[in-house]
Amino acid sequence: MTTLILTLVMMAGLFLLLWGAVGFVQDKRFFTTAPKEIQEAAQPKPERFKGQHILGWAMLILALAMMLGAVIFGAWDGIRNGFSFGQFFIRDLIMLWGMKAFDIAVFDWFLLCHSNFFPHYFPEVKSIVGPHLFGYNWRSHLKEMLAHILVSLLIAFVCTVMF
């Protein structure tokens, strides 16, 4: 149950990260994982209200704290409960792959391909977004999922050997 809750916290943090970056900070440096067409079409925007960018950066900091906190709490809870290497590995992999599944299902499939999320903040991309973009980044998703295996192994090693 703890692993599921921590995975949900990671998902919420990832959503807050995207929303803060796209909706409030609106800096093109955060668009590096977006399709090239969107990167090229998106134009810098003036602040819609005073403090918009500050709010966005606060959202990004909170999102990163949530995600890092979930990993740290997961490690602490596992140490406290005497997890084995395998239990740490599985917990971390579930959390990371759960977050990746959320990324693919919510960000790529829903927000990018079937909603008005991006055009709401960047109207100039309205004619670009759509179902045809789904899967544009499957190679990067696959690489990231493979990296998650290594990260999970590393965290499991640190938690079982160091503590």
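Two aromatic rings, from Phe, Tyr or the six-membered ring of Trp, count as a pair if their centres lie within 6.5 Å. The structure described here is a predicted model, and a search of the whole of it finds 10 aromatic pairs.

**Aromatic residues**

One of these pairs consists of Phe15 and Trp19, whose ring centres are 6.2 Å apart and whose planes meet at 35 degrees. The arrangement is classed as tilted, because the tilted class takes the angles that are neither under 30 degrees nor over 60. Both residues belong to helix α1, which covers residues 2-25. Phe15 and Trp19 stand four residues apart there, about one turn of the helix. Phe15 has a relative accessibility of 29% and is therefore partly exposed. Trp19, at 32%, is likewise partly exposed.

The pair belongs to a wider group: Phe15, Trp19, Phe24 and Phe49 form one aromatic cluster. Phe24 also has a charged neighbour, since Arg48 lies over the face of its ring, at 5.8 Å from the ring centre.

**Salt bridges**

Side chains of opposite charge can pair when their charged atoms come close. In this model the count of salt bridges comes to six. Three of them are listed below, each with its N to O distance.

| Salt bridge | N to O distance |
|---|---|
| Asp27 and Arg29 | 2.5 Å |
| Arg80 and Asp77 | 2.8 Å |
| Asp77 and Arg91 | 3.0 Å |

In the bridge between Asp27 and Arg29, the arginine is exposed, with a relative accessible area of 60%.

Which residues are joined into one network by salt bridges that share partners? They are Asp77, Arg80 and Arg91. Asp77 takes part in both bridges, one with Arg80 and one with Arg91. Arg80 and Asp77 lie in helix α3 (residues 52-80), and because they are three residues apart, about one helical turn separates them. The bridge between Asp77 and Arg91 links distant parts of the chain, with Asp77 in helix α3 and Arg91 in helix α4, 14 residues apart.

Is Asp77 buried or exposed? Asp77 is buried, because its relative accessible area is 5% and the limit for a buried residue is under 20%. Arg91 is buried as well. Arg80, in contrast, counts as exposed at 51% relative accessibility.

**A buried aspartate in helix α4**

Helix α4 spans residues 85-112 and includes Asp103. This aspartate is buried, since its relative accessibility is 14%. Apart from neighbours within four places in sequence, Asp103 is in contact with Leu14, Asp108 and His141.

**A nonpolar patch on the surface**

The surface carries a nonpolar patch formed by Ile79, Phe85, Leu150, Leu153, Leu154, Phe157, Val158, Val161, Met162 and Phe163. Together these residues have about 990 Å² of accessible area. Which helix supplies the largest share of the nonpolar patch? Helix α6 (residues 138-162) does, with seven residues. Leu154 is found in helix α6 and is one of the residues of the patch. With a relative accessible area of 54%, Leu154 is exposed, because the class of exposed residues begins over 50%.

How values were computed:
Residues are numbered from 1 along each chain as its sequence is written. This is a predicted model: local features need pLDDT of at least 70, side-chain atom pairs count only at pLDDT 80 or more; totals for chains, interfaces and linings use all residues. Side-chain values use heavy atoms; hydrogens and water are left out. Helices (H or I, at least four residues) and strands (E, at least two) are DSSP runs, numbered from the N terminus. Buried means under 20% relative accessible area, exposed over 50%, partly exposed in between (1.4 Å probe, protein chains only). Contact means heavy atoms within 4.5 Å. Patches are made of residues with over 30% relative accessible area and no salt bridge: like charges are joined within 9 Å, nonpolar side chains (Val, Leu, Ile, Met, Phe, Trp, Tyr) within 5 Å. Accessible areas come from the Shrake-Rupley method with a 1.4 Å probe; for residues, only the protein chains shown count as cover. A salt bridge is a side-chain nitrogen of Lys or Arg within 4 Å of a carboxyl oxygen of Asp or Glu. A charge sits over a ring if NZ of Lys or CZ of Arg is within 6 Å of the ring centre and within 35 degrees of the ring normal.
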